[in-house]
Amino acid sequence: MKSLFYFLLIVVSVVFIGSKPNHDPSKRSLEGTWELRDQYTYDGTKVVDTIPNTDGYRQIKMYYNGKVMWTRFVPKDSVEWFGYGTYYITDTSLVETLEYGSASMMQIVDTMRVFSFKLELQDNYYSQIATDGDGNPIYSENYIRID
């Protein structure tokens with residue numbers, strides 16, 4: 001009876017130890033809702049200008065389960081901007097493939113569906129950085145997590 005008790009104790013312990021979630025804090029995720037904070041322009045190596053959002057301008061991106069949706073509101077512009085598609089990230093890159101969007105966005109999607117960026121990701125902040133053919137930064141969009 002005593003050996004059966006120890007055997008069951010070992011089995012239960014192994015089950016609990018084996019069922020621990022594999023959480024790696026070094027692996028950050030884009031999943032959630034993000035708002036554009038500002039944009040940078042580069043001279044090829046360093047930031048030369050910061051472009052803050054104007055009053056009322058909002059750009060939101062939502063990432064979930066491999067899907068991305070974004071929308072932009074510009075108070076002084078009647079053009080609608082939104083898009084939907086898929087995304088994936090690596091340690092250093094973000095790739096978005098748009099499937100459809102607003103009429104204005106579809107004009108762009110007709111010529112270019114896949115958008116690749118250098119990614120700098122922290123817990124509550126990320127930058128998607130467009131680069132030239134040599135890998136030098138051209139401009140970035142800088143987002144803060146809102147959810």
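How many helices and strands are there in the protein chain? The predicted model contains two helices and nine strands, and the legends below treat it first as a whole and then in close-up.

**Figure 1. Overall organisation of the protein chain in the predicted model.** Read from the N terminus, the elements follow the order α-β-β-β-β-β-β-α-β-β-β. The protein chain has 147 residues, of which 31% are buried. Among contacts between residues at least 6 apart in sequence, 44% join residues at least 24 apart. The exposed surface of the protein chain amounts to about 9,900 Å², with carbon and sulfur atoms supplying 57% of it.

**Figure 2. The largest nonpolar core.** In soluble globular proteins, nonpolar side chains tend to be buried together. Here the largest nonpolar core comprises 20 residues, and those with the most contacts inside it are Leu30, Trp34, Tyr63, Leu94, Met105 and Tyr126. At least two residues of this core come from each of β1, β4, β5 (81-89), β6, α2 (103-109), β7 (114-121) and β8. The element that gives the most to this core is β7, with four residues.

**Figure 3. Surroundings of Tyr63, a residue of the largest nonpolar core.** Leaving aside residues up to four places away in sequence, Tyr63 touches Leu30, Glu31, Gly32, Trp34, Val68, Tyr87, Leu94, Glu96, Tyr126 and Gln128. Among these neighbours, Leu30, Trp34, Leu94 and Tyr126 are also listed with Tyr63 as having the most contacts inside the core. Another neighbour of Tyr63, Glu96, takes part in the salt bridge shown in the next view.

**Figure 4. The salt bridge between Lys61 and Glu96.** This pair belongs to a set of four salt bridges in the structure. The side chains of Lys61 and Glu96 meet at an N to O distance of 2.8 Å. The pair links distant parts of the chain, with Lys61 in strand β3 and Glu96 in strand β6 (residues 93-101), 35 residues apart. Are the two partners buried or exposed? Lys61 counts as buried because its relative accessibility is 3%, under the 20% limit. Glu96 is likewise buried, with a relative accessible area of 3%.

**Figure 5. Asp38 and its side-chain partners.** Asp38 lies in strand β1 (residues 32-42). With a relative accessible area of 9%, Asp38 is classed as buried. The side chains of Arg37 and Asp38 form a salt bridge of 3.3 Å, N to O, and the two side chains also make a polar contact at 3.3 Å. Arg37 is partly exposed, having a relative accessible area of 34%, whereas Asp38 is buried. A further polar contact, of 2.8 Å, joins the side chain of Asp38 to that of Asn142. When residues up to four places away in sequence are not counted, Asp38 touches Thr50, Ile51, Pro52, Asn53, Ser140, Glu141 and Asn142.

**Figure 6. Ser127 and the shared partner Asn142.** Ser127 is located in strand β8 (residues 125-131). At 3% relative accessibility, Ser127 is buried. The side chains of Ser127 and Asn142 are joined by a polar contact of 2.6 Å. Asn142 is therefore a side-chain partner of both Ser127 and the buried residue Asp38. Not counting residues up to four places away in sequence, Ser127 touches Lys118, Leu119, Glu120, Glu141 and Asn142. Glu141 and Asn142 also appear among the residues touched by Asp38.

**Figure 7. The salt bridge between Lys118 and Glu120.** The closest N and O atoms of Lys118 and Glu120 are 3.8 Å apart. Lys118 counts as partly exposed, at 39% relative accessibility, and Glu120 counts as partly exposed, also at 39%. Both residues are touched by Ser127, which is buried.

**Figure 8. Asn65 in the loop between β3 (58-64) and β4 (67-73).** Phi of Asn65 is near 50 degrees, a positive value in a residue other than glycine. Is Asn65 buried or exposed? Asn65 is exposed because its relative accessible area is 58%, over the 50% limit.

How values were computed
Residues numbered from 1 in each chain as written. Predicted model: local features only at pLDDT ≥ 70, side-chain atom pairs only at ≥ 80, totals over all residues. Heavy atoms only, no water. Buried < 20%, exposed > 50% of the residue type's maximum accessible area, 1.4 Å probe, protein only. Polar contact = N/O pair within 3.5 Å; in protein donor to acceptor, adjacent residues only side chain to side chain. Contact = heavy atoms within 4.5 Å. Core = buried A, V, L, I, M, F, W, Y, C linked by side-chain atoms within 4.5 Å. Areas by Shrake-Rupley, 256 points an atom, 1.4 Å probe, with all protein chains shown as cover.
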